[in-house]
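Colleague: I would like a close look at the ligand site, with careful attention to what surrounds it. Could you describe that part in one connected account, moving outwards to any neighbouring features that share its elements?

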Amino acid sequence: MSHKRVAILISGGGSNMVALLDSMVGDHPARPCLVLSNDEHAGGLKKAAERGVATAWVDHRPFKGNRTAFEAELIKPILEAKPDIVCLAGFMRVLTGDFVSHFQGRMLNIHPSLLPKYKGLNTHARALEAGDAEHGCSVHEVTAALDDGPILGQARVPVLEEDTPETLAARVLTQEHLLYPAVLRRFAEKNSTPVHLG
Ligand code: GRF
């Protein structure tokens with residue numbers, strides 16, 4: 001069987017990326033081909049390299065104000081790695097529609113809210129401020145619009161009275177680590193049934 005090739009884009013510690021890497025073993029239909037960051041010092045790069053996965057980075061800072069020029073560099077290592085699927089996992093740069101169109105229908109993202117609620121940043125604080133009884137995370141197909149696109153899976157957690165944005169984020173992150181691998185596996189198997197956890 002020829003495995004699907006998966007490239008993962010990160011910006012930070014990469015705990016979701018590690019969950020994805022660790023899931024792609026045994027009879028899993030996919031294998032990682034690249035972990036790419038916009039920050040040379042992203043902790044996740046070291047974790048990927050320790051697991052024997054090819055890594056690369058393209059610093060976005062020299063391209064300030066010129067997203068197109070940044071993306072022209074960012075796409076090079078991705079195209080070289082020839083991925084079938086691209087996973088954004090805590091990748092904190094907004095991508096243009098042009099970039100996204102290269103990977104239409106095969107790029108996934110994880111977002112820490114029950115979409116369509118709370119697109120963008122500070123999702124945990126916003127859920128608390130709204131007095132929501134539950135919160136969670138979503139994996140969706142990436143389209144040109146931010147944190148939009150068909151939802152492929154969601155995991156729900158209760159919001160507790162004593163929660164702070166930090167405690168709530170930690171509870172959601174635990175679910176992210178279950179949800180993203182579950183969705184990636186189904187996606188790689190071409191099964192479009194949404195995953196529901198929690
Ligand atoms: C996660 O909450 C992800 O949903 C978000 O950024 C965080 C990244 O965490 N957008 P990690 O780098 O995967 O540990």
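**The ligand site and its surroundings**

Modeller: Let me begin with a loop: Pro116 lies in the loop between S5 and H5, and the peptide bond that leads into this proline, from Leu115 to Pro116, is cis in this predicted model, with an omega near 15°. Asn122 belongs to the loop between S5 and H5 as well, and Asn122 has a positive phi, about 55°, although it is not a glycine.

The two elements that this loop joins lead on to the pocket, since strand S5 (107–111) and helix H5 (123–129) each give two or more residues to the lining of the largest pocket, as do helix H1 (15–23) and helix H6 (165–188). The volume of this pocket comes to about 780 Å³. There are 35 residues in the lining, and those closest to the centre of the pocket are Gly90, Phe91, Met92, Ile110 and His111. Sorted by class, the lining consists of 17 nonpolar residues, 15 polar residues and three charged residues.

It is this largest pocket that the ligand takes up. Around the ligand one finds Gly13, Gly14, Ser15 and Asn16, together with Gly90, Ile110, Pro112 and Glu176, so that Gly90 and Ile110 appear both in this shell and among the residues closest to the pocket centre. The shell is made up of five polar residues, two nonpolar residues and one charged residue.

Looking at individual atoms, one can pick out contacts made by oxygen atoms of the ligand. A polar backbone atom of Gly14 stands 2.9 Å from a ligand oxygen, and for Asn16 there is likewise a polar backbone atom at 2.9 Å from an oxygen of the ligand. With Glu176 it is the side chain that takes part, where an N or O atom lies 2.7 Å from a ligand oxygen. As for cover, the ligand would expose 360 Å² if taken alone, and the protein buries 78% of that area.

Helix H6, which contributes to the pocket lining, also leads to a separate feature, for H6 gives the most to the lining of the largest cavity, with three residues. A search of the whole structure for cavities of 30 Å³ or more finds one, and the space in the largest cavity amounts to about 50 Å³. Its lining is formed by Leu152, Val183, Arg186, Phe187, Asn191, Ser192, Thr193, Pro194 and Val195, a set that divides into five nonpolar residues, three polar residues and one charged residue.

To draw the account together, the ligand occupies the largest pocket, S5 and H5 both contribute to the lining of that pocket, and the loop between S5 and H5 holds Pro116 as well as Asn122.

Notes:
Residues are numbered from 1 along each chain as its sequence is written. This is a predicted model: local features need pLDDT of at least 70, side-chain atom pairs count only at pLDDT 80 or more; totals for chains, interfaces and linings use all residues. Side-chain values use heavy atoms; hydrogens and water are left out. On a 1 Å grid over the protein atoms alone, a cavity is a set of points where a 1.4 Å probe fits but cannot get out, and a pocket is an open set with protein on both sides within 12 Å along at least five of seven lines; lining residues have an atom within 4 Å of a point. Grid points are joined across faces, edges and corners, and a volume is the space filled by probe spheres set on the points. Helices (H or I, at least four residues) and strands (E, at least two) are DSSP runs, numbered from the N terminus. Ala, Val, Leu, Ile, Met, Phe, Trp, Tyr, Cys and Pro count as nonpolar, Asp, Glu, Lys and Arg as charged, and the others, Gly among them, as polar. A residue is near a molecule or strand if one of its heavy atoms lies within 4 Å of it. A polar contact is a pair of N or O atoms within 3.5 Å; within protein, one must be able to donate a hydrogen and the other to accept it, and residues adjacent in sequence count only if both atoms are side-chain atoms. Accessible areas come from the Shrake-Rupley method with a 1.4 Å probe; for residues, only the protein chains shown count as cover. A molecule sits in a cavity or pocket if more than half of its atoms lie within 2 Å of its grid points.
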